[in-house]
Amino acid sequence: MNIDKRIADDLAANGVSFVTTVPCKQLAGVIEEIDQRDDIFHIPSNKEDEGMGLCAGAWMGGKRPAIIMQNTAIGVTINTLATLIQYYRMPLPMLISYRGELREPVACQVEMAVHTKALLGQLNIPTYHFHWQRDVEEFDNILKYTFMCNKPVAILTDANFWGGYGDQ
């Protein structure tokens, strides 16, 4: 199974036509897949909160948006999530690489991993954790749930989901 294509196909099948991304090594394959598609408008963002602003604009313009980002920026998105996305009840699937878990080679990634789930929980954002590639089977239902309830939803995807750190 090509996990990158599966994710892009599920986004398109659920009407997601606008995706913004912030670069991350683990997400490079899915970002490339989305960038090559004609049915999804892809615009890279410099920062995660900027990307959420772009998604809000897309939503107000009648598009179904999604953001693909890394968990280390959750801290800088709290204000945007609470005062824009949640306040105006915008559905926003957030596909998030979950750096800092077991076997993480970059020590500074661990600190934000410790806080990621607690911050999302404090904001009452439904959160799912994909550890195995078979977990992608839930992605379609998560997207349907996101647009049904008009809420941001976090899908954390750890290194194991993306195939490890290259030594596995």
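Is K47 buried, partly exposed or exposed? At 44% relative accessibility, K47 is classed as partly exposed, where buried denotes under 20% relative accessible area, exposed over 50%, and partly exposed the range in between (1.4 Å probe, protein chains only). The model discussed here is predicted, so that local features require pLDDT of at least 70 and side-chain atom pairs are counted only at pLDDT 80 or more, whereas totals for chains, interfaces and linings use all residues. Residues are numbered from 1 along each chain as its sequence is written, and side-chain values rest on heavy atoms, with hydrogens and water left out.

The side chain of K47 meets that of D49 in a salt bridge (3.8 Å, N to O); the term denotes a side-chain nitrogen of Lys or Arg within 4 Å of a carboxyl oxygen of Asp or Glu. D49, at 21% relative accessibility, is likewise partly exposed. Salt bridges with shared partners also join K5, D9, E33, R37 and D39 into one network. By the stated rule, the count of salt bridges comes to nine.

Within that network, D9 forms a salt bridge with R37, with the closest N and O atoms 2.7 Å apart. This pair links distant parts of the chain, since D9 belongs to helix α1 and R37 to the loop between α2 and β2, 28 residues apart. Helices (H or I, at least four residues) and strands (E, at least two) are DSSP runs, numbered from the N terminus. D9 is partly exposed, at 27% relative accessibility, whereas R37 is buried, at 16%.

Helix α1 takes part in a further salt bridge, that between the side chains of E137 and R6 (3.2 Å, N to O). E137 lies in the loop between β5 and α6 and R6 in helix α1, so this pair ties together parts that are 131 residues apart in sequence. Both partners are partly exposed: E137 has a relative accessible area of 45%, and R6 has one of 22%.

Helix α2 spans residues 28–35, and its residues V30, I31, E33 and I34 are buried. These residues lie on the same side of α2 because they cover an arc of only 160 degrees around the axis, the arc being that of the directions from the helix axis to the C-beta atoms. In general, an α-helix has 3.6 residues a turn, so residues three or four places apart point the same way. The cover over the buried residues of α2 includes α1 (3–13), together with the strands β1 (16–21), β2 (41–44), β3 (64–70) and β4 (92–98).

Strand β3 contains I67, which is buried at 1% relative accessibility. Although I67 and V19 are 48 residues apart in sequence, their C-alpha atoms are 5.6 Å apart in space. With neighbours within four places in sequence left aside, I67 is in contact (heavy atoms within 4.5 Å) with T20, E48, G51, M52, C55, L92, P93, M94 and L95.

T20 also appears in the surroundings of S45, a residue of the loop between β2 and α3 (48–60). S45 is buried, with a relative accessible area of 5%. The side chains of S45 and T20 make a polar contact (2.4 Å). Such a contact is a pair of N or O atoms within 3.5 Å; within protein, one must be able to donate a hydrogen and the other to accept it, and residues adjacent in sequence count only if both atoms are side-chain atoms. Beyond its neighbours within four places in sequence, S45 is in contact with T20, T21, V22, P23, E50, G51 and L54.

Two loop residues are notable for their backbone angles. R103, in the loop between β4 and α5 (107–122), has a phi near 70 degrees, a positive value in a residue other than glycine. R103 is partly exposed, with a relative accessible area of 47%. N124, which is not a glycine either, has a positive phi of about 55 degrees. N124 lies in the loop between α5 and β5 (127–130) and is exposed, with a relative accessible area of 61%.

At the surface, Y128, Y145 and M148 make a nonpolar patch of about 290 Å². Patches consist of residues with over 30% relative accessible area and no salt bridge, like charges being joined within 9 Å and nonpolar side chains (Val, Leu, Ile, Met, Phe, Trp, Tyr) within 5 Å. Accessible areas come from the Shrake-Rupley method with a 1.4 Å probe, and for residues only the protein chains shown count as cover. Y145 is placed in helix α6 (residues 139–149) and, at 32% relative accessibility, is partly exposed.
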